[in-house]
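Visitor: I am new to protein structures and would like a guided look at this one. Could you take my questions one at a time?

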Amino acid sequence: MTNSIKAWHSAIVHSIADPAEVGIEKSYQYFADGLLVVEDDKIIALGESHELLPIYQDKADITRVENGLITAGFVDTHIHYPQTGIIGSYGEQLLDWLNNYTFPAEGEFHDKEYARKIADVFLAELLRNGTTTALVFGTVHKESVDAFFEASEAHNLRMICGKVMMDRHAPEFLVDTPESSYADSKELIEKWHEKGRLHYAVTPRFAPTSTADQLTKAGELLQEFDNLYMHTHLSENHQECEWVSSLFPESKNYLDVYDQHNLLSDRSIFAHGIHLCDDEYHRLHETGSSIAFCPTSNLFLGSGLFRLDKAEQHKVKVGLGTDVGGGTSFSMLQTISEAYKVIQLQGEKLSPFKSLYLSTLGGAKALRLENQIGNLAVGTEADFVILDYHATPLLKFRLDQSKTLDETLFVLMTLGDDRTIAKTYSAGKCVHSRDN
């Protein structure tokens with residue numbers, strides 16, 4: 001009989017608070033020679049190995065991790081699984097990107113078999129890159145969401161997804177109606193929401209592709225069911241913002257379009273939020289809404305530089321998003337590297353401990369899942385990754401020169417990629433092993 005208690009003996013680091021709120025030193029725990037103990041799917045102990053080994057050495061199957069670091073599984077707060085096949089497409093900004101690449105690609109997802117095939121590829125990439133939870137766009141087809149949730153359930157992943165609601169300004173083969181989007185979403189909610197580790201997000205694509213009637217229907221869904229998420233885009237591109245102003249002249253600003261339809265709450269996540277005014281930051285904070293900071297897509301699509309300092313000033317919750325396929329990597333390590341550069345371009349600095357927070361606990365807090373995931377606290381679900389210090393010759397050489405934890409983290413976040421993820425665990429089970 002397999003022992004239900006397992007332990008990993010390794011260097012371990014995890015985020016316990018936002019450095020912007022408590023300072024860097026109080027924002028993390030680090031055990032240079034630590035022990036992480038898991039029973040079934042939960043973490044039951046975490047601490048120094050010399051304190052915990054006497055308790056668990058005869059009770060647990062213990063794995064010794066050499067030349068590596070354990071941290072919490074990464075949390076991706078904004079990504080499009082139907083865009084997996086168009087990642088790295090050339091030369092457009094947001095609105096042309098949608099018309100030339102996104103909409104044609106999403107048209108294929110009426111076929112559930114095709115959608116499942118892409119969902120499997122997508123989840124394999126997430127797990128290969130150490131991401132154990134993501135907030136995910138489907139397409140307008142309910143088949144796309146069924147396929148995604150079926151694939152996620154097979155791996156027992158904590159995932160959030162929703163059917164796109166889009167009743168105008170898109171090709172005819174991708175347009176629904178206020179009534180059909182409501183009915184399809186309701187059917188999916190009743191089938192999947194809070195089934196195991198799965199959650200549903202009401203998902204209007206963005207204000208320009210939904211009429212006021214459809215946004216009203218989205219708001220009705222949020223009122224009818226408990227603990228639903230709301231996931232959409234906000235202020236990504238100047239041309240988009242001007243378009244929203246022309247379509248909704250009665251709104252004070254872009255965020256107000258959503259606000260007027262009761263779409264702001266502590267489970268509302270807005271991707272991008274680059275071009276916001278102070279009133280919008282204030283309203284996001286006031287409602288508990290969150291922003292997904294998507295640096296690789298913001299740079300790739302030429303959208304602009306996210307103001308992390310403004311979000312912190314207004315105490316708005318922020319997580320990191322890869323935003324594949326406008327984003328150019330599934331790797332949260334590479335996403336952190338680009339986030340550092342976005343902040344540098346504004347004359348600010350992004351510490352590795354803030355980056356650790358944004359990519360793990362910050363994302364979990366943005367999703368109101370901090371009691372389940374986001375760090376390695378006792379009682380949380382055992383979603384974690386093992387990072388390999390020797391993943392590449394350059395990484396090994398550079399880390400051999402490292403003298404401090406923050407230097408080690410920064411090197412991992414600057415030079416690391418999917419090769420750095422030795423293993424990924426979800427609910428205590430290995431769901432990716434690089435060497436297999």
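Visitor: In which sense do strand 4 and strand 14 pair, and which residue is the bridge partner of I70?
Guide: Keep in mind that this is a predicted model. Strands of a sheet pair through backbone hydrogen bonds, either parallel or antiparallel. Strand 4 (residues 61-72) and strand 14 (residues 384-388) take the antiparallel sense, over five bridges. Within that pairing, the partner of I70 in strand 14 is I386.

Visitor: Which strands are the edge strands of the open sheet?
Guide: Seven strands make up this open sheet with mixed pairing, and their order is 3-2-1-4-14-15-16. From one strand to the next, the twist averages 35°. An edge strand pairs on one side only, and here the edges are strand 3 and strand 16 (429-433).

Visitor: How many bridges join strand 2 to strand 3, and which residue in their hairpin takes a positive phi?
Guide: Strand 2 (residues 28-39) and strand 3 (residues 42-48) run antiparallel and are joined by six bridges. Across this pairing, L36 stands opposite L46 in strand 3. The hairpin has two residues between the strands, and the one with a positive phi, near 55°, is D40.

Visitor: Now to the helices. How are helix 4 and helix 5 oriented to each other?
Guide: Two packed helices are described by the angle between their axes and the distance between the axes. For helix 4 (residues 112-128) and helix 5, the axes come within 8 Å and cross at roughly 45°. That angle lies outside the ranges for roughly parallel, antiparallel or perpendicular, so helix 4 and helix 5 are oblique.

Visitor: What classes of residue make the contact of helix 4 with helix 5?
Guide: Helix 4 passes helix 5 in a right-handed crossing. The residues that meet include A115, A119, F122 and L123 of helix 4, and A147, F148 and A151 of helix 5. By class, the contact has eight nonpolar, two polar and six charged residues.

Visitor: What about helix 5 and helix 6: how many charged residues does their contact have?
Guide: Helix 5 (residues 142-154) and helix 6 (residues 178-192) pack at about 15°, with axes 10 Å apart. That angle makes helix 5 roughly parallel to helix 6. Among the residues that meet are K142, D146, E150 and E153 in helix 5, with D184, E187 and K191 in helix 6. Sorted by class, this contact has four nonpolar residues and no polar ones, while the number of charged residues is seven.

Visitor: Are helix 16 and helix 17 roughly parallel or roughly antiparallel, and how many nonpolar residues are in their contact?
Guide: Helix 16 (residues 393-400) and helix 17 (residues 405-415) pack at about 160°, with their axes 10 Å apart. Since angles over 145 degrees count as roughly antiparallel, these two helices are roughly antiparallel. Their contact includes L394, L395 and L399 of helix 16, together with V411, L412 and L415 of helix 17. By class there are one polar and two charged residues, and the nonpolar count is six.

Visitor: One last topic: the aromatic rings. What kind of pair do F122 and F330 form, and how many residues apart in sequence are the parts tied together?
Guide: The structure holds 19 aromatic pairs. In this one, the ring centres of F122 and F330 are 5.7 Å apart and the planes are at 65°, so the pair is edge-to-face. F122 lies in helix 4 and F330 in the loop between strand 13 (317-320) and helix 13 (332-344), so the separation in sequence is 208 residues.

Technical notes:
Residues are numbered from 1 along each chain as its sequence is written. This is a predicted model: local features need pLDDT of at least 70, side-chain atom pairs count only at pLDDT 80 or more; totals for chains, interfaces and linings use all residues. Side-chain values use heavy atoms; hydrogens and water are left out. Two strands pair if DSSP finds at least two bridges between them. Helices (H or I, at least four residues) and strands (E, at least two) are DSSP runs, numbered from the N terminus. Axes are lines fitted to C-alpha atoms, for helices over the stretch in contact, and angles run from 0 to 180 degrees between N-to-C directions. Angles under 35 degrees count as roughly parallel, over 145 as roughly antiparallel, 65 to 115 as roughly perpendicular and the rest as oblique. Contact means heavy atoms within 4.5 Å. Ala, Val, Leu, Ile, Met, Phe, Trp, Tyr, Cys and Pro count as nonpolar, Asp, Glu, Lys and Arg as charged, and the others, Gly among them, as polar. A crossing is left-handed if the near helix is turned anticlockwise from the far one by less than a right angle, and right-handed if clockwise. Rings of Phe, Tyr and Trp (its six-membered ring) pair if their centres lie within 6.5 Å; planes under 30 degrees apart count as stacked, over 60 as edge-to-face and the rest as tilted.
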